[in-house]
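User: I am new to reading protein structures and would like to learn how to go from a picture to careful statements. Could you take me through this one, feature by feature?

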Amino acid sequence: PSREDERETPVTLHGAALAAATHYLHYAAHDLPFAAYTARLGLTYGPGQRPEFLTAKLIRHCLAREPLHVREPSGRRDMIYVDDVVRGLMKLAAGSLPAGSIVNLCSGV
């Protein structure tokens with residue numbers, strides 16, 4: 001988890017690419033003719049999610065009263081429902097944050 005004012009410390013190539021894009025946008029945002037921000041999304045879930053993802057799988061197993069083996073039980077994810085993500089992005093787009101701002105869209109848990 002990161003606060004908006006913390007630098008990223010990626011551990012994967014994908015994470016490094018996202019961090020690079022965030023830094024690029026931060027500096028480019030001041031010269032763009034529109035507002036540009038970075039939204040860091042929590043683990044988003046909702047309708048249409050692939051069935052192998054944890055939330056969908058957990059619900060399916062619970063409804064069927066079947067046990068589920070969790071591969072990384074100590075792993076923690078900040079989960080957020082897709083409708084909440086959309087509302088957050090709409091508020092971000094309508095807001096007046098400084099160009100290049102970083103916003104965490106998540107539950108905080």
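Analyst: We will go through salt bridges, a helix, a buried contact site, a pocket and a few single residues, keeping in mind that this is a predicted model.

User: Let me begin with charged side chains. How many salt bridges does a search of the whole structure find?

Analyst: The idea is to look for a side-chain nitrogen of Lys or Arg within 4 Å of a carboxyl oxygen of Asp or Glu. A search of the whole structure with that rule gives 3 salt bridges. One of them joins the side chains of Arg 40 and Glu 8, with 3.1 Å from N to O. This pair ties together distant parts of the chain, since Arg 40 belongs to strand 1 (residues 38-41) while Glu 8 sits in the segment before helix 1 (13-28), 32 residues apart.

User: Is Arg 40 buried or exposed?

Analyst: For such a question we compare the relative accessible area with a cut-off, and under 20% is called buried. Arg 40 has 17% relative accessibility, so it counts as buried.

User: Which residue forms a salt bridge with Arg 50?

Analyst: The partner of Arg 50 is Glu 52, and their closest N and O atoms are 2.7 Å apart. Here the surroundings can be read from both ends: Arg 50 is partly exposed at 47% relative accessibility, and Glu 52 is also partly exposed, at 43%.

User: And how far apart along helix 3 are Asp 84 and Arg 87?

Analyst: They are 3 residues apart in helix 3 (residues 82-94), which means that about one helical turn separates them. Their side chains meet in a salt bridge, at 2.4 Å from N to O. Asp 84 is partly exposed, having a relative accessible area of 34%, and Arg 87 is partly exposed as well, at 49%.

User: Now a helix, please. What span does helix 1 reach from its first C-alpha to its last?

Analyst: The way to read a helix is to compare its end-to-end reach with what its number of residues would lead us to expect. Helix 1 has 16 residues and reaches 22 Å, close to the 22 Å expected at 1.5 Å a residue. Next we ask which side faces inwards: the buried residues of helix 1 are Gly 15, Ala 19, Thr 22 and Ala 28, and strand 1 and strand 4 are among what covers them. Tyr 24 is also in helix 1, but at 64% relative accessibility Tyr 24 counts as exposed.

User: Which residues does Thr 38 touch, not counting residues up to four places away in sequence?

Analyst: Setting aside sequence neighbours lets us see what the fold brings together. Thr 38, found in strand 1, touches Thr 22, Leu 25, Ser 101, Ile 102 and Val 103. Thr 38 is buried, with a relative accessible area of 12%.

User: Ser 101 appears in that list. Where does Ser 101 lie?

Analyst: Ser 101 is in the loop between helix 3 and strand 4 (102-105), and its 15% relative accessibility makes it count as buried. Beyond neighbours within four places in sequence, Ser 101 is in contact with Ala 36, Tyr 37 and Thr 38. Its side chain also reaches the backbone oxygen of Pro 98, at 2.6 Å.

User: How does one read empty space, and how many residues line the largest pocket?

Analyst: Rolling a probe the size of a water molecule over the atoms shows where empty space is left. In this structure the largest pocket holds about 1,800 Å³ of space. Its lining has 42 residues, with Gly 42, Leu 43, Arg 76, Arg 77 and Asp 78 nearest its centre. Helix 1, strand 1, strand 2 (43-45) and helix 2 (54-63) each supply at least two residues of that lining, and helix 1 gives the most, with 6 residues.

User: Lastly, what is the phi of Arg 65?

Analyst: A backbone angle is best read together with the residue type and its place. Arg 65 has a positive phi of about 55° although it is not a glycine. Arg 65 lies in the loop between helix 2 and strand 3 (79-81), where it counts as exposed at 78% relative accessibility.

User: How far apart are the C-alpha atoms of Asp 5 and Ile 102?

Analyst: Distance along the chain and distance in space are separate readings. Asp 5 and Ile 102 are 97 residues apart along the chain, and their C-alpha atoms are separated by 7.8 Å. Asp 5 is in the segment before helix 1 and counts as exposed, at 61% relative accessibility.

Methods. Residues are numbered from 1 along each chain as its sequence is written. This is a predicted model: local features need pLDDT of at least 70, side-chain atom pairs count only at pLDDT 80 or more; totals for chains, interfaces and linings use all residues. Side-chain values use heavy atoms; hydrogens and water are left out. Helices (H or I, at least four residues) and strands (E, at least two) are DSSP runs, numbered from the N terminus. Buried means under 20% relative accessible area, exposed over 50%, partly exposed in between (1.4 Å probe, protein chains only). A polar contact is a pair of N or O atoms within 3.5 Å; within protein, one must be able to donate a hydrogen and the other to accept it, and residues adjacent in sequence count only if both atoms are side-chain atoms. Contact means heavy atoms within 4.5 Å. The expected span of a helix is 1.5 Å times one less than its number of residues. On a 1 Å grid over the protein atoms alone, a cavity is a set of points where a 1.4 Å probe fits but cannot get out, and a pocket is an open set with protein on both sides within 12 Å along at least five of seven lines; lining residues have an atom within 4 Å of a point. Grid points are joined across faces, edges and corners, and a volume is the space filled by probe spheres set on the points.
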